[in-house]
Protein chains: 4
Amino acid sequence: MTAQQSSPAQSAAPQDIRVGVIGVGRMGADHVERIARRTKGARVSVVSDYLRETAEKVSATAPGSRVVDTWQEVVAAEDVDAVLIASPGQFHREQVLACIAAGKPVLCEKPLAMNPSDAYDVVLAEREAGHPVVSLGFMRRFDAGYGELKDALEAGDLGTPLLLNCKHRNADVLPGFTDTHMVYDSAVHEIDAISFFLEEPAVSVQTVMPRSTEKAPEGLHDPLLFLFRTASGTVVTDELWVSTDAGYEVRTELVGSLGAATIGQESGLVTTQQADGRWGGTVPADFRPRFAAAYDAEVQAWIAAVADGSNVAPRSATAWDGYVAAAMCEAAEQSLTADGPVEVTLLEQPA
Amino acid sequence: MTAQQSSPAQSAAPQDIRVGVIGVGRMGADHVERIARRTKGARVSVVSDYLRETAEKVSATAPGSRVVDTWQEVVAAEDVDAVLIASPGQFHREQVLACIAAGKPVLCEKPLAMNPSDAYDVVLAEREAGHPVVSLGFMRRFDAGYGELKDALEAGDLGTPLLLNCKHRNADVLPGFTDTHMVYDSAVHEIDAISFFLEEPAVSVQTVMPRSTEKAPEGLHDPLLFLFRTASGTVVTDELWVSTDAGYEVRTELVGSLGAATIGQESGLVTTQQADGRWGGTVPADFRPRFAAAYDAEVQAWIAAVADGSNVAPRSATAWDGYVAAAMCEAAEQSLTADGPVEVTLLEQPA
Amino acid sequence: MTAQQSSPAQSAAPQDIRVGVIGVGRMGADHVERIARRTKGARVSVVSDYLRETAEKVSATAPGSRVVDTWQEVVAAEDVDAVLIASPGQFHREQVLACIAAGKPVLCEKPLAMNPSDAYDVVLAEREAGHPVVSLGFMRRFDAGYGELKDALEAGDLGTPLLLNCKHRNADVLPGFTDTHMVYDSAVHEIDAISFFLEEPAVSVQTVMPRSTEKAPEGLHDPLLFLFRTASGTVVTDELWVSTDAGYEVRTELVGSLGAATIGQESGLVTTQQADGRWGGTVPADFRPRFAAAYDAEVQAWIAAVADGSNVAPRSATAWDGYVAAAMCEAAEQSLTADGPVEVTLLEQPA
Amino acid sequence: MTAQQSSPAQSAAPQDIRVGVIGVGRMGADHVERIARRTKGARVSVVSDYLRETAEKVSATAPGSRVVDTWQEVVAAEDVDAVLIASPGQFHREQVLACIAAGKPVLCEKPLAMNPSDAYDVVLAEREAGHPVVSLGFMRRFDAGYGELKDALEAGDLGTPLLLNCKHRNADVLPGFTDTHMVYDSAVHEIDAISFFLEEPAVSVQTVMPRSTEKAPEGLHDPLLFLFRTASGTVVTDELWVSTDAGYEVRTELVGSLGAATIGQESGLVTTQQADGRWGGTVPADFRPRFAAAYDAEVQAWIAAVADGSNVAPRSATAWDGYVAAAMCEAAEQSLTADGPVEVTLLEQPA
């Protein structure tokens, strides 16, 4: 490279952020592929997984990366500027705390921790560190539709939020998926949407159980309806239906005192087909067509924040959002068997 | 960087493709920003513009880049692996030929040349070079909707194409925009869509001139309608209306023997607003909301093709497509004042 | 008329059903106009109102009709074959009972009576009469969209109903409109939709009160959400918002085990307007554009049923539906101030 | 009936308009059923058909009607106040002239006559009669969507019409349907739409023939495209495709200098079906779901006009519209084999 020599006045090309990835199962491998192929200004430098073989395989897809034996080595590595955590949820608390201790920015997939108390530990630790370190992987915040609705709310176009209606549909779930998974794997996204759109957590949650579809696996009521209420009185209905067999759909309507707004309506190619005399389009099989761009945007925004030293991107979920989600999920889980609304209690947010 | 040292078995992180950019007016500056901020695996290394000051300003936004005085220096620079041309159209032929001579992959904004004969020169030169070098910047080929329609055609879902209806609307155009600009700046995109979707060029073109809106600038009939016919008999209607004052819209319907398919229907945030008692959404002000992702995808695909040595991305427009577009535009321009259809004649496509 | 003379084998032209209308305020006057102008096979013969002057005025718009002093005279009149009741609700029970006693088919606007017990009296009286006499004016059952959804359910296309989501929006309400009016004037329509679509009444109802819009009149929580549950476990969410300032909207989604179906999406003229750079349509100011055809169809179907002696049209609401609605409304009203779900109890349906 | 006796001051109930129907094949039988069952203020009194047996069968469905042997008897019958003509087109001219001579209002199905000259005879005859007698059955003028677009144009919301894009699709046609039928049976509706929306006839027409679908019957190019131009320069594209196998669709976009407006977009029940993972709706099998209400409204408006003595309803097609359509169809038919546009020439419109 002769560029710097021939034009010494120019600043050097910026170095890529070197990302260490902990846990490279399906989600983590996706992130490795994303960083290696599509995320500008970053590269995967170190990878670990509790299955060494998996780590080797995934590392081979990210030229320039190497494998280490333990997540601790990822956090400690000199050639790791920032850490992405995609390990199973029970390890998140400890791993994020280690990143905070090492002063390394971290993007942690949900959940932040397995219970509100553990999540709060992270909030306090980050606070003691004195600067933002933790981003939490609620990728919908980076979806174009979510962004448009957030913009409209911030611009005041919709007035005061009165109701938020969420619908969340999946083609199917794995056997063994229970009501509890419905809370922590599915409803958790709308739970974070409450924080994102309404900028206040729920103070109570109630479960409403309709009759279940015959296709629901053992141990799952499907569909389920959660009702949340915020301190200022906005009500959120969250309808979850995860064995539709049709495909993946997420729709959201915000009812505000000055107008209502909807995102997630179907679009794309609309055909009128001779075969069946119907007009319309295809429901995507899973979340990827709907949220693939959101994942890309999330990681790109995180890298930009790491590069500029802010560490946490605008509109990203923070450790505090992770704590709030944990507290709301816990209450939602309790509401599954409760009679009537369950209160959500939150510890104080550190200044 | 210690990664390579600690894990010598791993391949090194791939080097960024170093891109030289010729012409950094609005379009070129956009590309510099795209490559510097969003294109994975590439960086801007050298920049030139006929206004040195513009080149300096734009280069300053791309760390690690330097400015040279002439486009010839860009093509020749050792630290330029691939060239992006966004200069005025009259220079394209010569600049692309220089890239071919230098054996450097080039992504040239439309047009490939100012007339069919000049464009054909490029086709022949590339053919003599013996391998693909030239990509042409018809970015719509990388739009998600265009891709879905192309997929449906390739899958045979729509049968034989019978009709292609295109609508192209702009909020407004600059003063001095004439019927000829309508051909070369606006219709040219649908002209390339014919090659893209139908995989054959038009054999004739006819202009239909409706009464003009009172808002059309002097020298412009607006709206205009072009009718193309391909050798196999598919008819294309291309309706152009560039002073709608409403916003930017591009809609396409393909009528095939087994079904019809539409892209470009409005979507996004749908609101019901108290202020005016209307439901609906916003028409974007210009082409960016509609095609920003297509530009990103186009440049990313080009970089990937350069990196893997194929040089031209799948579905990208080639030099031949550029020649065909030039020939069809020339005929369309003639049709503006002709009585009835004008024939499109093409030289032979080199094997 | 010489037709009968010249073709004695032909049956005579059928005589119009002579309709007596009780109560000709806004709703009753609409019905008089409907019968006089658009309902085939019927004419208004007798009219009464507690304001004689109103009766005179409205009668003058229906050539061939005459005014009487009391509703009793309407029921008793020899030139009244069938009775339409559009008087205030508190008179309905007595008037319908009189029609049953007189053996005259009656179409009564909602409610059937002011409380479940009074409504049940009507059910029993009709049962003793031994044949159907009473139709209740839930006109949505005759809306094309409602009919399509009912057809889809009956055809089994949607499988088992799991959830029914209703949204009901008004531009505004009169001052003095309270939560109780919300139950009896607005929610009552979705309450009947439960009977219509699900073919079973609710067994419980719960009110959810979001924060109220600043535009709600004194004494009204707006929006309000009712949750109903049927015996077989289908859950119905009914969101009511009656001071939107935007217009009238009724949307319904039925979530069934084999698919989901929506009615009430906006359609009609879609414009892209230069003035505001928006695409979309107009929300109708009130219920008429949405349900005018349903009213016409309802009355026409009723007249056809009277003419053929069945008295109650297929899919029409019956006295029993009126009783069920009364019981569900009473429970909904109680739920406004209750803590948690309120049980709906129903007396036995006569065989 | 005692009403008149007990209330002598009241005007008598209006007598039904007695309609004689000439030709009761499929279309005529539909009209008989419409008048007998749904048209307020009218009844079918006399029926004729060239097949006596058909006339008997249809008459039996309209109580009070009788059969006569010839159409001349229908026109002459004392118990016929108005005539509806649904016989084959070659008889229309003579039958309408007879109605004019008899001074009886007539609603004649399209065409008014088999050629422009014959149609002009009717225009002149009506003019000599000195008052309106003739309505022509272009029922789309009574479609709600057509009405909304007409309203928007009259209100000036769309500015000056620049382009009118029409699409007309059928599931299939009978064997023997040729290009000429395409003009006179299909395109004729859009030809009248030109008169209706633009309020001026075309001055020229050009046929554009795309490659034909393999499903087109012998002798038919399908799809076909007609281009019309009006005197003031508005261009109309009329795309016809009558063997889609999918269903019946009619869509219209008016491009005006202040905005564009579309009618005929799909609506109705929208389902997301598990069976095929698609969202959307059903394309109706034929024109009835789309235009059934338009036929009803057309006949009802005609009866109202007959009853009030105006004879021709507002917005109805007149004899002049029928002449214009005949002239435009003749030119369109010539354009099928012409090279370039064919001029439409019109005789003078009588004052």
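Helices and strands here are DSSP runs, numbered from the N terminus; a helix has at least four residues and a strand at least two. The model you are looking at is predicted. With those names in hand, we can walk through it.

Start in chain B, with a loop. B:Asn311 lies between helix H9 (287–307) and strand S15 (317–318) of chain B. Its phi is near 75°, a positive value in a residue other than glycine. B:Asn311 has 9% relative accessibility, so it counts as buried, the cut-off being under 20%. A second loop residue has a positive phi too: for B:Asp245 the angle is near 65°. B:Asp245 sits in the loop between strand S10 (235–241) and strand S11 (249–256) of chain B. Its relative accessible area is 38%, so B:Asp245 is partly exposed.

Now find a helix in chain B. H8 covers residues 179–198 and bends by about 55° at B:Ala187. How many of the 20 residues of H8(B) are buried? The count is 16, so the helix is largely enclosed by the rest of the structure. Just after H8(B) comes B:Glu199, with a positive phi near 55°.

Some peptide bonds are cis. One runs from B:Lys110 to B:Pro111, with omega near -5°. B:Pro111 belongs to the loop between strand S5 (106–108) and helix H6 (116–129) of chain B. Another joins C:Asp222 and C:Pro223, with omega about 0°. C:Pro223 is in the loop between strand S8 (202–208) and strand S9 (224–230) of chain C.

Next, the sheet in chain D. Strands of a sheet pair through backbone hydrogen bonds, either parallel or antiparallel. Here seven strands form an open sheet, in the order S3-S2-S1-S4-S5-S6-S15, with mixed pairing. Which strands stand at the edges? They are S3 (66–67) and S15 (317–318) of chain D. Each has a single partner strand, so one side of each is left without a neighbour in the sheet. Look also at S4 (residues 82–85) and S5 (residues 106–108) of chain D: they run parallel and are joined by three bridges. In this pairing, D:Val83 stands opposite D:Val106.

Aromatic rings come next. Over all chains, the structure holds 42 aromatic pairs. One of them is A:Tyr248 with A:Phe287, an edge-to-face pair with 6.3 Å centre to centre and 70° between the planes. A:Tyr248 is in the loop between S10 (235–241) and S11 (249–256) of chain A, while A:Phe287 is in helix H9 (residues 287–307) of chain A, so the pair ties together parts that are 39 residues apart in sequence. A:Tyr248 is buried at 8% relative accessibility, and A:Phe287 is buried at 19%. Both rings belong to a cluster linked by ring pairs, along with A:Tyr146, A:Phe196, A:Phe197, A:Phe291 and A:Tyr295. A:Phe287 has a further contact: A:Arg288 lies over its face, 6.0 Å from the ring centre. In chain C, the charged end of C:Arg288 sits over the ring of C:Phe287, 6.0 Å from its centre.

Finish with the cysteines. A disulfide is a covalent bond between the sulfur atoms of two cysteines. How many disulfides does a search of the whole structure find? It finds zero over all chains. For C:Cys329, the nearest cysteine sulfur is that of C:Cys166, 13 Å away. A disulfide needs sulfur atoms within 2.5 Å. C:Cys329 is buried, with a relative accessible area of 2%. For D:Cys99, the nearest cysteine sulfur belongs to D:Cys108, at 8.4 Å. D:Cys99 is buried too, with a relative accessible area of 0%.

How values were computed
Residues numbered from 1 in each chain as written. Chains lettered and ligands numbered in written order. Predicted model: local features only at pLDDT ≥ 70, side-chain atom pairs only at ≥ 80, totals over all residues. Heavy atoms only, no water. Buried < 20%, exposed > 50% of the residue type's maximum accessible area, 1.4 Å probe, protein only. Bend = angle between axes of the 7 residues up to and from the residue. Pairing = 2+ DSSP bridges. Phe/Tyr/Trp six-rings, centres within 6.5 Å; stacked < 30°, edge-to-face > 60°. Lys NZ or Arg CZ within 6 Å of the ring centre and 35° of its normal.
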